Amino acid sequence: MPRIIKQRVEFEGRVEERNVVIEGDDLPVWPAGERFQVIGTPVTRVDGAQRAGGTARYTADLYPAGVLHGAILRSPHPHARIRALRTSRAEQAPGVRLVLSHRNTDAIPWYNGMSRIFDTELRYVGDEVALVVADDAAAARDALDLIEVEYEPLPHVIDPLEAIRPGAPQVHPQGNVLGGAPERYARGDVEQGFLAADAIVELDVTTPDVLHHSMETHGSVAWWEGDTLVIWDSTQHIFGVRRQVAAALRIPLDRVRVLSPFMGGGFGGKNNAGKHTVLAALASRRLGRPVRIVFTRAEESQAAGKRPRSVQRIRVGARSDGTLVAIDYWGVSSIGAYRAIGTPLAGPATELYACPNVRAETLNVFTHTGPAAAFRAPGYVEGTCALECAIEALADQLEIDPLELRLRNYAEADQVLGRPYSSKFLREAYAMGARAIGWERRALTPRSPVRDGPPRRGLGMATQLWGGSGSAPAYAEVRLNPDGTAEVRIGTQDIGTGTKTALTQIAAEVLTLPVGKVTLSLGDTDFPYSPLSAGSQTLASCGPAVRMAADEARRHLIDAAASLLEVAPEDVRLEGGRLFVAGVPERGLAIAELTGQIGNFTIAGRGFRGPNPDGVTIRTWGAQFAEVEVDPETGEVSVLRIVACHDVGRVINPLQYQSQIHGGVIQGLGMALREEHVTDPETGAVLDLGFDAYAVPRITGIPEIVALAVDKPDPIANNLGVKGVGEPPIIPTPAAIANAVANALGVRVTSFPITPAKVRAELGRRA
Amino acid sequence: MRVRVRVNGAWRTAEVWPGASLLALLRDALGLCGSKNACEQGECGSCSVWLDGELVCACLVLAAQADGREVRTVEGLTTGEDLHPVQRAFVEAGAVQCGFCTPGFVVAVVDLLSRDPDPDEPRIREALSGNLCRCTGYQKILDAVRLAASKLGGSSP
């Protein structure tokens, strides 16, 4: 019997309460030591041939017959009102079919009601003004210049600290602080705590705006089949796009189908439908032809979301033995013109270490800049930069080994929610990582700055905690063909992480089939519901549902075989794709022999994701170590080696696990040393409109990365014992590199990215 | 304007705007979407193809410049269902994540190995410095190049 239960679910650093339908009993967790054939093996991408062969069709590759191309006119002002807008010249340009603007489009609410699809008040350089649809992309782009707009420029504010001063230009009538007030957290008495401290460290830390820059830009292709809207979208959430577009167009959900079978990267930037998605649907409805809107790289830089810059101050106090007695945290996240949820900057400071007295205050501040979006562990990367740099500075001050200091303040339970963790193997991660990097080689941080001489080496480390538990709801279906092959359907999406491969492995394991005999389809809202691919939740949400669906199909196979073999189902075994009587292996038949007798899809299974266990917090944990070489003369930092070791539960596919670690580490390295999205404070213009100006890491500058896994199943989190690994590896990377730089030179740069100029300036300041 | 290009061995003709790039010709007009459009400024290498045997970014070449010439794309590396050894190496080494940059990398690696069958690591890095990947952190791409070199008869991986 289905029943509804209330669940407290963590997602991207925030806890929410949710009603979840549970259809029955979950399967028991596969215990530690369970022997597998497919799970835990490095299966290569099941769709690798399509991706490497160039035959995979991404949204950007879709050119349906009769397709028209859309281009978007964007605001040149950071804050302005549209006084007048004339489209007649553009409409008459060769090849142009349609121009949409606020003048001929319904006032569809957008950004949680903070704006609408075409607003007449524009709040950042890049805000949408109009759409041109034409026979080809070049004609559409050319016609943008023919739209005549009279703008009334309004006062603007780009810097978040200026935005919170009295009298600052207002981004929204409700004020520049999201929710009208800071988010606050406190336990114990911080002032008393600091009185008991023998050492106190205070750091000012800033992190830059950082762009996702997934290789496939944002894009949607939409057309109508009768009264049904079909959308191909480069998205991390097909069901979310369906919901948002149906609401925007005021059409029933069953009239919208969203597809995303191949997706070229997201990193949090594609969690929601974009205005372009709705515009493609609207334009297609008017024109009766497919409409394709795919962002240019310049649009991706201006209007596709960013990790918002942070300004943070942290004070930590400890006794002489290293015991933490107080943490005081303050942070500002510059969320741009539109954002409905705050950045969980304070997550690491409030939870990572055992500390009785903690206070945190976070302000999410609107500015006249491009909207912030979730970006791979939003808030936690920034917050870890502050906390883990302060911890290592404290260790240096107390002359305690930084790893030892961390172990002395190991949090055995969740102090924020006051409950135990489902599992925590962070000690193991520390030990494995420290051994691999050779942590015992770490020299004491120089007491006085090293200003000249040859390049010097340094070692640093940092810790991560993150969610990644996944949760209900998620569903899957499995069915068998007469030839013994299996099909799995699940409405999730593979944004590049390898979801399709990992889920295929789970179904293959249960059915005892080789991976090649299982075909898994995803990226289609006609398939069973699955959640947003973000928060490192996809595998831990979808995997248990796939296991259960395959398990039901397996039970049906056993029942059917029992009838044929004239034994009780308890006496039938399924191994290696063969059903046989226990103890009499020759009395049996292959799955294909059975399904061949009973027809198409007569053996099928449906599975659901069970609830998370009550009363515990589920976290991922990890430690990363960096070895750097810094040239004190130039300030140039070279990262020589990163060792990463994470506790993310059971590893389903070690090859893909490593790939996630490698990718996350390099994104973190980019943020640590080079990446910075720059908005001109005078004009509000984005100064990095492409890869020529924005430093996505290249193959030339990457260090060796050692990716290790604790690889112990979580004993209660879900029936697979898995957690997510998408976000964990980026979290501690910038802090570990910064700590290694400090260890090398004896000065600490806490303004990211750590450029040579900043290193030299810091050495000069300490002269 | 009308352009005629020999693509992967077959002559193709298309009507394009005079300012259209070779990439737009391949993708929008000829339906060859293996070459990806990821920057349109020659910075990411996702649209790497050969023009008369020379490795180019298709986004930086006009379709008109390719008129009457020979173009080879990632699609031309596959024989029927069989992947090129470099493509196989990318899959086997785990060098494919979202895969959007992969065709461009594959073309660049095939080009490298045709000129230098046994490249050392600095040579590999230099040759691929024009290709961007946001997913893999490049570790397994280096593995894939070494694996491909060994498959094609260079040194062992």
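**Briefing: a buried arginine and the enclosed cavities**

Arg187(A) is buried (under 20% relative accessible area with a 1.4 Å probe, protein chains only) but has no salt bridge, and Asp414(A), the nearest side chain of opposite charge, is 6.7 Å away. A salt bridge here is a side-chain nitrogen of Lys or Arg within 4 Å of a carboxyl oxygen of Asp or Glu. This is a predicted model, in which local features need pLDDT of at least 70 and side-chain atom pairs pLDDT 80 or more, while totals for linings use all residues. Residues are numbered from 1 along each chain as its sequence is written, and side-chain values use heavy atoms.

**Arg187(A)**
- Arg187(A) belongs to strand S11 (residues 183-187) of chain A.
- Its side chain reaches the backbone oxygen of Cys355(A) at 2.9 Å.

**Largest cavity**
- A cavity is a set of points on a 1 Å grid where a 1.4 Å probe fits but cannot get out, and its lining residues have an atom within 4 Å of a point.
- There are four cavities of 30 Å³ or more.
- The largest cavity has a volume of about 580 Å³.
- It is lined by 35 residues, and the closest to its centre are Thr497(A), Ser536(A), Gln660(A), Val725(A) and Gly726(A).
- H16(A) gives the largest share of this lining, three residues.
- The lining has eleven nonpolar, 19 polar and five charged residues, with Gly counted as polar.

**Second largest cavity**
- The second largest cavity has a volume of about 40 Å³.
- Its lining includes Leu211(A), Lys306(A) and His677(A).
- By class, this lining has three nonpolar, five polar and one charged residues.

How values were computed
Chains are lettered from A and ligands numbered from 1 in the order in which they are written. On a 1 Å grid over the protein atoms alone, a cavity is a set of points where a 1.4 Å probe fits but cannot get out, and a pocket is an open set with protein on both sides within 12 Å along at least five of seven lines; lining residues have an atom within 4 Å of a point. Grid points are joined across faces, edges and corners, and a volume is the space filled by probe spheres set on the points. Helices (H or I, at least four residues) and strands (E, at least two) are DSSP runs, numbered from the N terminus. Buried means under 20% relative accessible area, exposed over 50%, partly exposed in between (1.4 Å probe, protein chains only). Lys and Arg count as positive and Asp and Glu as negative; His and the chain ends are not counted. A polar contact is a pair of N or O atoms within 3.5 Å; within protein, one must be able to donate a hydrogen and the other to accept it, and residues adjacent in sequence count only if both atoms are side-chain atoms.
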